[in-house]
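Work through these exercises with the model open beside you. Try each task before you read its solution.

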Amino acid sequence: MDIEGMVPAATREVEVLAKAERRRFTLEYKRRILQEAEACKRPGELGALLRREGLYSSHLAAWRQAQARRELDGTLARKRGPKPRREHPDLKKYLALERENRRLRARAERAEALVAIQKKVAALLGNDLPPSGEER
């Protein structure tokens, strides 16, 4: 039982909210709003236009920039989404060499650490090892 009116929780209706969707504006709508915005001369007219249409000033700014880039003419079809990456022809080879370089550096560091440990063990046991570079 639920505390609210002693109604079982399973019998109450649950409100499901619709998922919000991004608004999409047509080219004609954008052009019409830009024309109306240009016609606004008195103080407060532009704000009234934006409130009436449910727009933000950032919409207007972005549309003005698009108009300056001639994107609202309808001749340029601008694709949305990330731009395709053009890879340099030698990029794969370069990355493979970098990976190999890191691997070999790590291997050399391990080998140097092993030699240092061998020297310390030899010193503890009283065995003198020849300096590096000389043969036994």
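**Exercise 1. Place L60 and list its contacts.**

Leave out neighbours within four places in sequence. L60 then touches I33, L34, A37, L46 and L50. Keep in mind that this is a predicted model.

Step 1. Find the element. L60 lies in helix α3.

Step 2. Check the distance to one contact. L34 is 26 residues from L60 in sequence, but the two C-alpha atoms are 7.2 Å apart in space.

Step 3. Decide whether L60 is buried or exposed. Buried means under 20% relative accessible area. L60 has 3%, so it is buried.

**Exercise 2. Find the residues of the largest nonpolar core and the helices that supply them.**

Step 1. List the members. The core has 11 residues: Y29, I33, L34, A37, L49, L50, L55, L60, W63, A66 and L72.

Step 2. Assign helices. α1, α2 (45-53) and α3 (57-68) each supply at least two core residues. α1 gives the most, with 4 residues.

Step 3. Look at one member, L55. Beyond its neighbours within four places in sequence, L55 contacts F25, Y29, I33, L50 and W63.

**Exercise 3. Examine the charged residue K30.**

Step 1. Locate K30. It sits in helix α1 (residues 27-39).

Step 2. Look for a partner. K30 is buried but has no salt bridge. The nearest side chain of opposite charge belongs to E71, 7.4 Å away. A salt bridge needs nitrogen and oxygen within 4 Å, so that distance is too long.

Step 3. See what K30 does touch. Not counting residues up to four places away in sequence, its contacts are F25, W63 and L72.

Step 4. Follow E71. E71 forms a salt bridge with R69, with the closest N and O atoms 3.0 Å apart. E71 is buried at 16% relative accessibility, whereas R69 is partly exposed at 43%.

**Exercise 4. Explain how R103 and E100 are placed to pair.**

Step 1. Note the bridge. The closest N and O atoms of R103 and E100 are 2.6 Å apart.

Step 2. Count along the helix. R103 and E100 are 3 residues apart in helix α4, so about one helical turn separates them.

Step 3. Check exposure. R103 is partly exposed at 43%, and E100 is partly exposed at 35%.

Step 4. Widen the view. Salt bridges with shared partners link R32, E36, R52 and E53 into one network. The structure holds 8 salt bridges.

**Exercise 5. Find a nonpolar patch on the surface.**

Step 1. Name the members. They are L114, I117, V121, L124 and L125, with about 560 Å² of accessible area together.

Step 2. Test one member. L124 is in helix α4 (residues 91-125). Its relative accessible area is 77%, so L124 is exposed.

Technical notes
Residues are numbered from 1 along each chain as its sequence is written. This is a predicted model: local features need pLDDT of at least 70, side-chain atom pairs count only at pLDDT 80 or more; totals for chains, interfaces and linings use all residues. Side-chain values use heavy atoms; hydrogens and water are left out. Patches are made of residues with over 30% relative accessible area and no salt bridge: like charges are joined within 9 Å, nonpolar side chains (Val, Leu, Ile, Met, Phe, Trp, Tyr) within 5 Å. Accessible areas come from the Shrake-Rupley method with a 1.4 Å probe; for residues, only the protein chains shown count as cover. Buried means under 20% relative accessible area, exposed over 50%, partly exposed in between (1.4 Å probe, protein chains only). Lys and Arg count as positive and Asp and Glu as negative; His and the chain ends are not counted. Contact means heavy atoms within 4.5 Å. A nonpolar core is a set of buried Ala, Val, Leu, Ile, Met, Phe, Trp, Tyr and Cys residues joined through side-chain atoms within 4.5 Å.
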